[in-house]
Amino acid sequence: MSMKKFNLCVVVMAIILSMLTGCGATSGGDSKNVKGNSKTVTITNVSYDPTRELYAAYNEIFSDYYKNEAGIDVTVVQSHGGSGGQARSVVEGAEADVVTLALAHDITLIEKAGLIEPDWIEEFEGDSSPYTSTIVFLVRSGNPKGINDWDDLIRDGIDVISPDPKSSGAACWNFLAAWYYASQKYGNDEEQIKSFMSKLYGNVKVMDSGARGSTTTFVENGQGDVLVSWENEAISTLSEYPDDYEIVSPSISILAQPSVAIVDENADRNGTQNIAHDYLSYLYSENAQRLIGEYGYRPSDKAILGEYADKFDLDMSLCTINDFGGWNAAYEEFFKDGGVFDEIYSR
Amino acid sequence: MIKEKNKEQNNKRKKRHGSIPGFGLSMGITLTMLSMLVLIPLASILLYGLSLSPSEFFAIVCSDSVRYALRTSILCSFIAATINCVFGMIIAWTLVRYNFFHRRLIDGLIELPFALPTAVAGITLSKMYSNTGIPGKWLSAIGIDVSYTHLGIVVALIFVGIPFVVRTVQPVLQKFDYQYEEAAHILGAGRIITFIKVMLPELMPALLTGFGLAFARGMGEYGSVIYISGNSAKDHTQVVSYVIMQKLNYMDYAGATAVALVMLITSFVILMVINLIQIKQSKRTNNV
């Protein structure tokens, strides 16, 4: 290449580059959500997979409420996906005014990136968890394999469907619930607990990458005898196919606390901090709590939870993530490369 | 004399310009596109991967899950690409050599695997080939499980890879001169000999290209594979891209890039070997 051609080549590259960066700069500027006088505000709620239907319904009652109360039309844009992946996309710059994710840990990751203020968990009642859920079993109609509790999952010839804790948040809850059961049963004898877990995961026939994938495998593809699943996911499957499945509540499970938070950095920039706050705090209102119960999540309001006593087995003994020293400690001990999960799974 | 010299210079200039005008412009665009879309992202992977200390790097890439995943990915992609070469060639042959009803329609179907979101393909295939689906039920009755085994991965990779082979072989077959086959026939070669000695050497470069493309696609495939593979670390049905996603889900960027780097290098080496074979092959055929 001669010098002259080389120069031309560099000039062309420079022009294209400057055009590209120029576009980047202008598109950053027009992300304002509040449009002058029309009082229409758009906020984005980045959530996880199973809440799709719940939030579609909640957004409607919220925008009715908000129009009456404040005279503002609110449009809520929804985004759903695996909880960890959603958190990552917010860290990497997805426009989210609020996040409603499966685990406090995923919100902590966003907090660490500096987008959420550190005391977020105190901002709303009950550790910022307006609803909770737990882990139950879904079995085929008539419970042909007689599955009643976690011990039954380690029997020979039982095929278990549960997602991969190394890629799915829900799967971590499954693992921890089973671990807690074993630790109660074997009086904290680490060796026995590990061999219990090893047998349990030895029975896992298909390990999907996420909770939805596992439900598909169990329900659509007819694999396995028991699906270890979110309670809300099990309830919604049951309402879709009432004759084909049954829910079995184990004696011990874990209280899963999906958490909500305002993404302060984005909300402040978009001028939606107040609306975002109202959007999340309205989740604790009586109406919303009932809606939450309808969609198979346990309302955080005890009185309303009581109304749904026939829907949820309230006698299960539930441990919490604090029994494991919080999410970070649980991750370090169990799910990190070379952690307990790798150890019991490769036995 | 002077005239001749001028003519020579003119020729030289013409030669240097080549037939496409605006070399500087087009080269500039080429380099920019390549850097923005390929080189800079790849360089950032390299940079990120190398930010780990060598001992950390090797601890990650030598861990069991990564080694098994690499083996699974390479093996399954290789088998799928090989099968694709055989059947892709037959499909291309049928489409080029025979004229039948709705040939154009079938020809158009070949590219559908490109258009379909791979996750849709994955879910559909996993259902079909699980022991409740239609071919899956029959196969499982004779003891062959497809979904949630290595075989399932191969099936998914055949699906995503087949267009590459068909579309690379097709144009070569279209241009293939009938006279070669006639000559071989007249000289007394049977069908099989004609195919092996006359046709295959001509098709080889295109087949190898198709193989390379299908193989590379298989190495990186994610969407269609994860639903059918079962992702079991115990049965070694995790593929490399799945292991990378596992790490990304815990925001382990360094670990994910380390694995990505190893995958890139592996694919690069394998593709280079295929290219070398191809060069050797085309030299041989050109010399004949």
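Here is a short, friendly exchange about helices and domains in this predicted model.

User: Hi! What should I know about the numbering and the confidence limits?
Analyst: Residues are numbered from 1 along each chain as its sequence is written, while chains are lettered from A and ligands numbered from 1 in written order. The model is predicted, with local features needing pLDDT of at least 70 and side-chain atom pairs counting only at pLDDT 80 or more, whereas totals for chains, interfaces and linings use all residues.

User: Why are H3(A) and H4(A) called roughly parallel?
Analyst: Their axes, lines fitted to C-alpha atoms over the stretch in contact, with angles from 0 to 180 degrees between N-to-C directions, cross at roughly 15 degrees and come within 9 Å. Angles under 35 degrees count as roughly parallel, over 145 as roughly antiparallel, 65 to 115 as roughly perpendicular and the rest as oblique, so H3(A) and H4(A) are roughly parallel.

User: Which residues of H3(A) and H4(A) meet?
Analyst: A:Ser83, A:Gly84, A:Ala87, A:Val90 and A:Val91 in H3(A) meet A:Asp106, A:Leu109 and A:Ile110 in H4(A); contact needs C-beta atoms, placed from the backbone, within 7 Å.

User: What makes helix H13 of chain B mostly covered?
Analyst: Nine of the ten residues in H13 (240–249; helices are DSSP runs of H or I, at least four residues, numbered from the N terminus) are buried. Buried means 20 or more other C-beta atoms within 10 Å of a residue's own, exposed 12 or fewer, and partly exposed in between, with C-beta atoms placed from the backbone. Among the buried ones are B:Val240, B:Tyr242 and B:Asn249. Just after H13(B), B:Met251 has a positive phi of about 55 degrees.

Notes. Helices (H or I, at least four residues) and strands (E, at least two) are DSSP runs, numbered from the N terminus. Two residues are in contact if their C-beta atoms, placed from the backbone, lie within 7 Å.
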